[in-house]
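Student: I would like to take a close look at a single part of this structure. Could you please guide me through it in one connected answer?

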Amino acid sequence: MSDRGDTTGGGADDLGATVAALTADDIEPARRRQLLTRMVGQARARGISDLFKPRAAVRWMVDTVAEIAPHLPVRDLATLRGHFPGLDDNALAERLIRNAARTTAGIGAAGGGVAAVEWAVAPTLLSAPVLLAAETVAVVAVELKLVGELHEVHGVSLPPGGSQRAVALVHSWATQRGVNPMMPGVGVGAVLGTAARKELRDTLLRRFGRNLTTLGPFLTGAAVASFLNRRATRSMADQLQVDLRRRGIARPAPPPALPGPPTGT
């Protein structure tokens with residue numbers, strides 16, 4: 001995907017590309033802040049006003065998560081093994097959780113940085129819900145990606161891509177339990193219907209309400225948001241793993257990486 005600079009268009013492809021970029025765990029803080037700022041512009045372009053309307057923000061978050069969930073870049077086990085060679089299942093899962101928690105903490109810090117600029121200039125509380133909605137969606141996207149990859153590590157099958165996988169990821173994230181292939185609504189042709197949207201809305205509302213407590217002048221909100229995001233991601237993943245370990249497939253550890261050529265030291 002190409003970098004569109006400071007584009008703030010409201011198209012689905014633009015927003016999806018921004019969110020996908022934010023889920024990466026190897027981007028610099030300045031780049032993350034740039035992406036989150038772009039996402040705020042895209043949120044405004046898609047209909048969130050600058051007024052304090054939490055219901056509108058939550059409705060936008062539900063619609064946006066439902067839209068992006070089928071397209072999140074969840075890596076399969078072979079790809080994960082290639083990225084993190086030599087790790088057994090437990091170590092690989094721990095690495096993924098650590099990286100995701102760092103990423104969501106970074107998003108919280110980036111959101112605080114954007115908020116700090118707005119506190120220093122014009123009426124900030126008018127735009128704060130838009131920023132918090134964008135930050136919440138970005139954090140949820142990271143966690144949904146983590147949910148999918150933890151299923152891969154533990155050998156618990158996900159439905160194929162598209163809407164079926166989206167429903168499974170959202171349900172697993174909201175309940176902090178592994179995907180149940182017999183769960184109603186995850187069959188052929190599943191869509192993110194009424195029940196799944198309500199589940200997603202309720203969980204997002206709790207997250208959004210928690211994030212409202214991070215508002216504060218300058219960088220105080222950044223520190224709090226960073227801590228809360230890291231803790232929430234870790235807590236969700238730890239709880240999910242309890243269930244995944246119970247139903248997962250035990251596999252032997254991968255062979256150790258081959259030694260490199262002699263270095264003479």
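Student: In which helix is the place of R197? From there, please continue to helix 9 and the salt bridges of its residues.

Tutor: The model shown here is predicted. R197 has its place in helix 8, which covers residues 194-212. With a relative accessibility of 30%, R197 counts as partly exposed. Its C-alpha atom is separated by 7.9 Å from that of A66, although the two residues are 131 residues apart along the chain.

Let us now turn to helix 9. This helix comprises residues 220-247, and S226 is found in it. S226 has a relative accessibility of 18%, and because buried means under 20%, S226 counts as buried. Leaving aside residues up to four places away in sequence, S226 touches A105, G108 and A109. In the case of A105, a polar atom of the S226 side chain lies 3.2 Å from the backbone oxygen of A105.

Further along helix 9 we come to charged side chains. R234 and D238 form a salt bridge with an N to O distance of 3.4 Å. Both residues lie in helix 9, four residues apart, which is about one turn of the helix. R234 is partly exposed at 25% relative accessibility, and D238 is also partly exposed, at 34%. These two residues belong to a network of salt bridges that includes E94.

D243 deserves separate attention. The side chain of D243 meets that of R246 in a salt bridge of 2.5 Å, N to O. D243 and R246 are both in helix 9, three residues apart, again about one turn. Their surroundings can be contrasted: D243 is buried, with a relative accessible area of 5%, whereas R246 is exposed, with 58%.

D243 also meets R177 in a salt bridge, at 3.5 Å from N to O. This pair links distant parts of the chain, since R177 sits in the loop between helix 7 and helix 8 while D243 is in helix 9, 66 residues away. R177 counts as partly exposed, at 42% relative accessibility. The count of salt bridges comes to six.

The loop that holds R177 leads us back to helix 7, residues 163-175. Its 13 residues reach 18 Å from the first C-alpha to the last, close to the 18 Å expected. Ten of the 13 residues are buried, so helix 7 is largely enclosed by the rest of the structure. Among the buried residues are R165, W173 and A174. Helix 7 is followed by Q176, whose phi is positive, near 60°.

Definitions and conventions: Residues are numbered from 1 along each chain as its sequence is written. This is a predicted model: local features need pLDDT of at least 70, side-chain atom pairs count only at pLDDT 80 or more; totals for chains, interfaces and linings use all residues. Side-chain values use heavy atoms; hydrogens and water are left out. Helices (H or I, at least four residues) and strands (E, at least two) are DSSP runs, numbered from the N terminus. Buried means under 20% relative accessible area, exposed over 50%, partly exposed in between (1.4 Å probe, protein chains only). A polar contact is a pair of N or O atoms within 3.5 Å; within protein, one must be able to donate a hydrogen and the other to accept it, and residues adjacent in sequence count only if both atoms are side-chain atoms. Contact means heavy atoms within 4.5 Å. The expected span of a helix is 1.5 Å times one less than its number of residues. A salt bridge is a side-chain nitrogen of Lys or Arg within 4 Å of a carboxyl oxygen of Asp or Glu.
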